Amino acid sequence: MAPRAYWKGTLKLSLVSCPVVLYPATTAAEKTRFHLINRETGNRLKQQMIDSETGDIVESDQKGRGYELRKGKYVEIEPEELEAVQIESNHTIDIESFVPSEEVDQRFLNHPYYIAPDGKAAVDAFAVIRDAMKDQDRVALAKIVLTNREHVMAIEPRGKGLLGTTLRFPYELRDEDQFFDDIKSPKITKDMVELAGHILQSKAAHFDPSKFKDEYENALKALVKRKASGKTIELPEPEERPSNVINLMDALKQSLKGRGGGKKTAKSHARRATGRRKTAKKAHRSTARHRKAG
């Protein structure tokens, strides 16, 4: 059964447009979730709203929205007042510009969606837009209204379809300087950097999400299965924390040795040393011949 579309509308590029559908590219359906229950009865608990000052239960018809102006002082906003600023969706993904893919700052990436043509009649126009983007290696920036809010969406080719990712606005990002300014700039020797580089090379791989394993999720499922079958859950012994006092150079060497890179590095150094000796011998023989000829 085909998944239900999250959004339907039109992808528009200047005068070219085609009907499209959006599907969420992510899901949390497989995540283990827990409910609050009454330990005595085993029944699920329901949450209630409580007035923070009086402690009284607040019924649904008494609930409203308020913005805190200052501590404990709120201005109430009515639902109809919110409607005055809500943007009505025109069900159009309006492409405004194309930017080089490498210029897209990953910090802005938010929620991904799959974009597919809606019906056979839309396939030709959809393919034209998709393939033009492939040829130019560009990412489209478009505007779209989702859940009564306007979003900027980055759109790029993905297989036979398109991947649209909503972007965060600049005010949603924290300034990196407040976290990085206090980082010191110590003097690191060239040998340390080279050793770290060898470790990086020994761990070189390709991006393969199929190798990602959610160990905690697997452990949760196993725990629930054991408990449901009546087995006792035994707590593991706490591991001893290693000392934080380390010699960085020794740690780098030990890491390289642990990856089996020690021998390779030694051989590499030996090859370079042999090469230097051969070069020196050649230079010596060349100088000797030159003197003899003179």
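Two strands are said to pair if DSSP finds at least two bridges between them, and the views below use the term in that sense for a predicted model.

**View 1. The whole chain of the predicted model, with its helices and strands.** The chain holds seven helices and nine strands, and buried residues account for 17% of its 294 residues. Among contacts between residues at least 6 apart in sequence, 62% join residues that are at least 24 apart. The accessible surface of the chain amounts to about 25,300 Å², with carbon and sulfur atoms contributing 52% of that area.

**View 2. The hairpin formed by β7 and β8.** Strand β7, residues 138-146, and strand β8, residues 149-158, are paired in the antiparallel sense through seven bridges, and A142 has M153 of β8 as its bridge partner. Two residues lie between the strands of this hairpin, and T147, which is in the turn, has a positive phi of about 45°.

**View 3. The hairpin formed by β8 and β9.** Strand β8 also pairs with strand β9, residues 161-167, in the antiparallel sense and over seven bridges, with T165 of β9 as the bridge partner of A154. Two residues again separate the strands, and in this turn G159 has a positive phi of about 60°.

**View 4. The seven-stranded barrel and the helix packed on it.** The strands close into a barrel in the order β1-β2-β6-β9-β8-β7-β5, with mixed pairing. On average, neighbouring strands of this sheet are turned by 40° against each other, direction ignored. Within the barrel, strand β1 (residues 7-13) runs antiparallel to strand β2 (residues 16-24) and is joined to β2 by seven bridges, where K8 has V21 as its bridge partner in β2. Helix α2, residues 123-136, packs on the sheet and touches β1, β2, β5 (92-100), β6 (109-117), β7, β8 and β9, while the direction of α2 makes about 80° with that of β2.

**View 5. The largest nonpolar core, with I155 and its contacts.** This core comprises 21 residues, of which L11, V20, L22, I93, I115 and I155 touch the most other members. Two or more core residues come from each of β1, β2, β5, β6, α2, β7 and β8. When residues up to four places away in sequence are not counted, I155 touches L11, I93, I115, M133, V139, A140, A142, L162, L163 and G164. Among these contacts, A142 is the residue already shown in View 2 as the bridge partner of M153.

Notes:
Residues numbered from 1 in each chain as written. Predicted model: local features only at pLDDT ≥ 70, side-chain atom pairs only at ≥ 80, totals over all residues. Heavy atoms only, no water. Helix = DSSP H or I, 4+ residues; strand = E, 2+ residues; numbered from the N terminus. Axes fitted to C-alpha atoms, helices over the stretch in contact; angles between N-to-C directions. Contact = heavy atoms within 4.5 Å. Core = buried A, V, L, I, M, F, W, Y, C linked by side-chain atoms within 4.5 Å. Buried < 20%, exposed > 50% of the residue type's maximum accessible area, 1.4 Å probe, protein only. Areas by Shrake-Rupley, 256 points an atom, 1.4 Å probe, with all protein chains shown as cover.
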